[in-house]
Amino acid sequence: MMRQYELVERIQRYKPEVNEALLNKAYVYAMQKHGDQKRASGDPYFSHPLEVAAILTDMRLDESTVAVGLLHDTIEDTTATRREIEEMFGDDIGRLVEGLTKLKKLDLVSKRAAQAENLRKLLLAIADDVRVLLVKLADRLHNMRTLDFVPPHKRARIAEETMEIYAPLAGRMGMQDMREELEELAFRHINPEAHRTITDRLADLGEYNRETLGDITETLKNLLVENGIDAEVYSRQKKPWSVFRKMEAKALSFEQLSDVFGFRILVDTEDDCYRALGIVHRKWNTVPGRFKDYISTPKQNDYRSIHTTIVGPSKQRVELQIRTRKMHDVAEYGVAAHAIYKDKSVAGKANGHGNDADFALSKDSNAYAWLRHTIESLSEGDNPEEFLENTKLELFQDQVFCFTPKGRLIALPRGATPVDFAYAVHTDVGNSCVGAKINGRIMPLVTRLQNGDEVEIVRSNAQTPPAAWEHVVVTGKARSAIRRASRMAVRKQYAGLGHRILDRAFERAGKEFSKDVLKQGVKRLGHKEADDVLAAVGRGEIPSDDVVRAVFPDYQDNRSANVPAGGVEGDGWFNLTNATGMMFRIPGNTGPEEDHGAATRDAINTAIPIRGAASDIPVRFSPEGAVPGDRIIGISTPGKGIMIYPIQSPALAAYDDQPERWIDVRWDLDGLERQRFGAQLVVTAINAPGSLAEIAQIIGSMDANIHTLSMVRTAPDFTEMIFDLEVWDLKHLNGLIARLRDAEAVSTVERASG
């Protein structure tokens, strides 16, 4: 294991005036607390925090962060407490160690929700102090280096988690060196055969091209020296994971790869970068479309460099990266590099040698600003699983750069659409987007944006983002905002229905209804706002009579005692009392009968498990049927009783101007034997022998029953079939629809009620 003085010496290489006392105290304290604890490898446990501290010194971080690395497991795995650490090392170190302790369980269990919630905690802790991220990544890197000692059933899960979360997060923080090592270690455990094959091929290729690579390096260096530029030139080989990912993404064989090797040119100043570029381009031909200037337009993670490809000295393609040494530090160490320059600038200012360029680098990096923005935009109202999905979308994407008409630069993931662009500008712009102009031309909203596109968003205040947009966008922010807007739209619809239900309920109770009146009972109903209560009533979560009693606690409904249930008062109306004591008045046979279709399964009446209707009143389902899980509404019909409709039924529009006929009903399945319910599907199938047989086989295999079937020829190649089915519930029906949509013989499947 590394000794105390060796750790101090590692820091002194880049920070001569190091606080040795702090490091020595942290070293001894952590070693004593971990005592005889062992790792899975059999090594003393203290070797792990010591290696984490060493990784942090490789990132050239200050002694306080290195001390946190030494102490990061003490609260979790020993008798140490935050109070004790704060007394010995200060509040700052105590807070960081406590923050890392809360994240210990980020070594995730199998449940996706737990993984998502832990990721949310990680990002929130990092947003508070970026050093949490640096220590956590160092911790994960050492765990990945020793993953061979972990039981086999845990390796794949830890490796996948590293590949999905930690490596992309390191990349988005600009820590490319850390990202590449994490990816390589994870790749070795996720797909060991592919890793071994590609590693061997790269080794053979490197040996074969050793002389060529040396010649190109020497030629480039001499050319730059001859033109008065002091430069470092060296070759680099793609990592196995990078090679594997490109082969998969572009369906290439190993032999078809033309960019396995590249060259870096490091110079002193930004001017030297462009001078070197001009010298190289004058000497050798460039490859069209292979030039990127990330100096004038940096990536979101602060990466700056010039990329170009030339037909080099050996008449083969040569990829070049040209950057300054400071740019190289940022490219390798990311947010950690900003701490380096901050320390340098502070020391320089104190000695009178600082300059504004150094001082500017001490500010928060763009990468860290991106992290805070991600947390802000993704954590609003999403459940943990959505947060995990959207965050992964943000982490994995490469970028394109587009402009607003006023010249504002917007960085987006590759494959982004104008809808993504609109939400990147502002959430309100995305929600009101109805069209887009790309480079002055009106284009579809599904158009994939390209580098340099100028995008103008056409807006309308009457627009609500369609739920289908969720499948068009690629950014987590846009997807999150669309889901949020869809939920709000549905909530608004339910609130409108709830308002109508309560308006009638209060009228029956002889009370006047308004939102202000409703506010009196909001807290009694367990909600914060009147709109929440309205939406809950609309969804059927709160019975309307419960709301009446919450607003008027002394109210007593005595009407059921005065008139027998089902009795006729002589005015042509039936009186019904439901299971909760709430009474409805339903029209009797005072007008012409309405025909709702004799083909429905209307023989079922009192056996229907519906709350809200008395057992002596006929209750039937509408032609399209309804199944448990559907939100349902009852419509009273003179002489026929109550017809049950799913809330999405188009037939309900005919009763919009007859609110007195709407009955608040809901499913009541408790204690009853399991039974099937009717539902109607419209299936468009290929007009070929065996199509009907295939569909019928799927329906039978899914434990559904065909009640009736009618077919209408709609085209020479397609046939529309209307199935009256019997299923158990909405989940069963949705599973059946999904299976039918996957069938080769089926073009479309929809419920008749929408």
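Helices are DSSP runs of H or I with at least four residues, numbered from the N terminus. In this predicted model, residues 691–701 form such a run, helix α28, and L692 has its place there.

L692 belongs to a nonpolar patch on the surface. Its partners in the patch are L709 and M711. Together the three residues have about 250 Å² of accessible area. The relative accessibility of L692 is 32%. This value lies between the 20% and 50% cut-offs, so L692 counts as partly exposed. Helix α28 is followed by a loop that leads to β20 (705–713), and D703 lies in this loop. D703 is not a glycine, yet its phi is positive, at about 65°. With a relative accessibility of 39%, D703 is also classed as partly exposed.

A sheet was examined next. Five strands make up this open sheet, in the order β1-β2-β5-β4-β3, with mixed pairing. Its edges are β1 (232–237) and β3 (292–293), each of which pairs on one side only. Helix α13 (residues 210–226) packs on the sheet and touches β1, β2 and β5. The direction of α13 makes about 155° with that of β1.

Strand β5 (residues 317–324) stands between β2 and β4 in the strand order. Six of its eight residues are buried, so β5 is largely enclosed by the rest of the structure. Its pairing with β2 (residues 261–267) is parallel and runs over six bridges. Within β5, I322 is the residue opposite I265. The pairing of β5 with β4 is antiparallel, again with six bridges. Here H307 stands opposite Q321 of β5. T309 has E319 of β5 as its bridge partner. Strands β4 and β5 form a hairpin with five residues between them. In this hairpin, K315 takes a positive phi near 60°.

Strand β4 covers residues 306–311 and includes I306. The relative accessible area of I306 is 0%, and I306 is therefore buried. Its contacts beyond four places in sequence fall on several stretches of the chain. C273, Y274 and L277 are among them. F291, K292, D293 and I295 also touch I306. L320, Q321 and I322 complete the list. S296 is ten residues from I306 in sequence, and the two C-alpha atoms are 9.0 Å apart in space.

Two loop residues were also examined. T417 lies between β7 (409–413) and α21 (418–425). T417 has 0% relative accessibility and so counts as buried. With residues up to four places away in sequence set aside, T417 touches L445, V446, T447, R448 and L449. Contacts of T417 with V472 and V473 are also found. R60 lies in the loop between α3 (47–58) and α4 (63–71). At 23% relative accessibility, R60 is partly exposed. Its phi is near 60°, a positive value in a residue other than glycine.

Note on methods:
Residues are numbered from 1 along each chain as its sequence is written. This is a predicted model: local features need pLDDT of at least 70, side-chain atom pairs count only at pLDDT 80 or more; totals for chains, interfaces and linings use all residues. Side-chain values use heavy atoms; hydrogens and water are left out. Buried means under 20% relative accessible area, exposed over 50%, partly exposed in between (1.4 Å probe, protein chains only). Contact means heavy atoms within 4.5 Å. Patches are made of residues with over 30% relative accessible area and no salt bridge: like charges are joined within 9 Å, nonpolar side chains (Val, Leu, Ile, Met, Phe, Trp, Tyr) within 5 Å. Accessible areas come from the Shrake-Rupley method with a 1.4 Å probe; for residues, only the protein chains shown count as cover. A salt bridge is a side-chain nitrogen of Lys or Arg within 4 Å of a carboxyl oxygen of Asp or Glu. Two strands pair if DSSP finds at least two bridges between them. Axes are lines fitted to C-alpha atoms, for helices over the stretch in contact, and angles run from 0 to 180 degrees between N-to-C directions.
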